[in-house]
Amino acid sequence: MCNIMGKLQSKINCSTSKYRPDDYVEDDSPAQAVQQYIPAHTDAVTSVAALTSNLCVSGGNDKTVVVYNWRSGAVLKRFVGHQREVTKVACVFESNSFFSASRDKTVMMWELHRNSGPSQHFPGHDLVVTGLAVSPDSLQLCTGSRDNTMCKWDIETGECLCRAAISRNLVTHLCWVPAEPFVIQTSEDKTIRIWDSRELQVAHTFPVKQYIQTYCDVSQDGRYCISSSNGFGGEGCEATLWDLRQTRSQVREYKGHFQTTTSCVFLPKGQGLTPVIATSSHDCMVKVWNQDNGVRIRTDSSIVSGLQEFLKAMLAPEWASDQHSESQSEALQELILRAAPAKQALQQSGIPAHNLGDLLSLNSRYRLHLLAMSSPLNLCSRPPLRGEWKSKGMV
């Protein structure tokens, strides 16, 4: 068996070039030094969420939940309680409570300033919990699982208020619509559903996609949601923008990845700035897109001036004005100079995931989004083995 797997691995490693764009050019430049932090986990990071402007919460295959200060690179606190790998973490921004889902079929609630174990348990699913969303008022929790069920919980009491089951509805992700009682859900049955959380009933089902839907996110104004697709060799692999208003229809697709698109997020924007989204994929790339026209945002011809304008105009509202301090300019310049060589950033119609994470560290909320998308689970240097597809719900 080991020999067979070894041969399969060799074949996959030798053929990864066919999953790259035709104009892909391998960069032979020496790697430039970047700041390295102490690892938060001893195994792959599976999920990250923003807790405050300085802190993020992460879950990992090491069965732990970690609160991490991304500015200083220090682990603030580690929480232990799950018996198996943590699959998702979720919280309400600027709160003291956060939640974790696990392959041990449970969800746990943790308090930032609590030294003992979890403050609440939510058992009840029969298989791994793969979806987790908290209501904006922090009163209710919605969970989904590979057991085909969705559950709504009272956070204070831990009571399961509602349960709904749909055949073949293997949940992959959940997100709550801001200021609304609706929850968006993606599934391995290639469907995106809108659930009315009040009675936990399906309020709307979008047209079935061709491939498994892996992830979803909702814009801050609640007008749009985006989902990402499984795929291989450029087939599928897209992100899709959906209108959540009366039409509830597909708006456009964002195509450019060559393997499964594992994550998709709306990036916050400043007043009057172009709305943008970001996607990540097993092709080891994070791409940033103009939400309105579906065009991939590309850097300018100069790595310094181009990326500086890119960051100022598109991603970080606090940099949209030229009135920033000299120290801020120096910090931005230092980050840009530490980034990937211009050749690689310009020749691929996207930006390498690890470098984009560095560039966006000036803005905590973007950094946290991209940390989640750049985790070892989502971005790998080779196509996943078939056994991994099954474990991650891609077949």
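**Exercise 1. Are Phe79 and Phe98 buried or exposed, and how is their aromatic pair arranged?**

Solution. Start with burial: Phe79 and Phe98 are both buried. Keep in mind that this is a predicted model. Next, look at how many aromatic pairs there are: the structure holds 6. One of them is formed by Phe79 and Phe98, with 5.3 Å centre to centre and 75° between the planes. Planes over 60 degrees apart count as edge-to-face, and that's the label this pair gets. Now find the two residues along the chain: Phe79 sits in strand 4 (residues 74-80) and Phe98 in strand 6 (residues 97-102). They're 19 residues apart, so the pair links distant parts of the chain. Finally, bring in Trp110, which forms one aromatic cluster with Phe79 and Phe98.

**Exercise 2. Work out why the pair of Phe122 and Trp153 is edge-to-face, and which parts this pair ties together.**

Solution. Take the geometry first. The ring centres of Phe122 and Trp153 are 5.6 Å apart and the planes stand at 75°, so the pair is edge-to-face. Then check the strands: Phe122 belongs to strand 8 (residues 120-123), while Trp153 belongs to strand 11 (residues 149-154). The pair therefore ties together parts that are 31 residues apart in sequence. Last, check burial, where the cut-off is under 20% relative accessible area. Phe122 has 0% relative accessibility, so it counts as buried. Trp153 has a relative accessible area of 2%, so it's buried too.

**Exercise 3. Which residue lies over the face of Phe182?**

Solution. Go to the ring of Phe182 and look over its face: you'll find Arg248 there, at 5.8 Å from the ring centre.

Note on methods:
Residues numbered from 1 in each chain as written. Predicted model: local features only at pLDDT ≥ 70, side-chain atom pairs only at ≥ 80, totals over all residues. Heavy atoms only, no water. Phe/Tyr/Trp six-rings, centres within 6.5 Å; stacked < 30°, edge-to-face > 60°. Helix = DSSP H or I, 4+ residues; strand = E, 2+ residues; numbered from the N terminus. Buried < 20%, exposed > 50% of the residue type's maximum accessible area, 1.4 Å probe, protein only. Lys NZ or Arg CZ within 6 Å of the ring centre and 35° of its normal.
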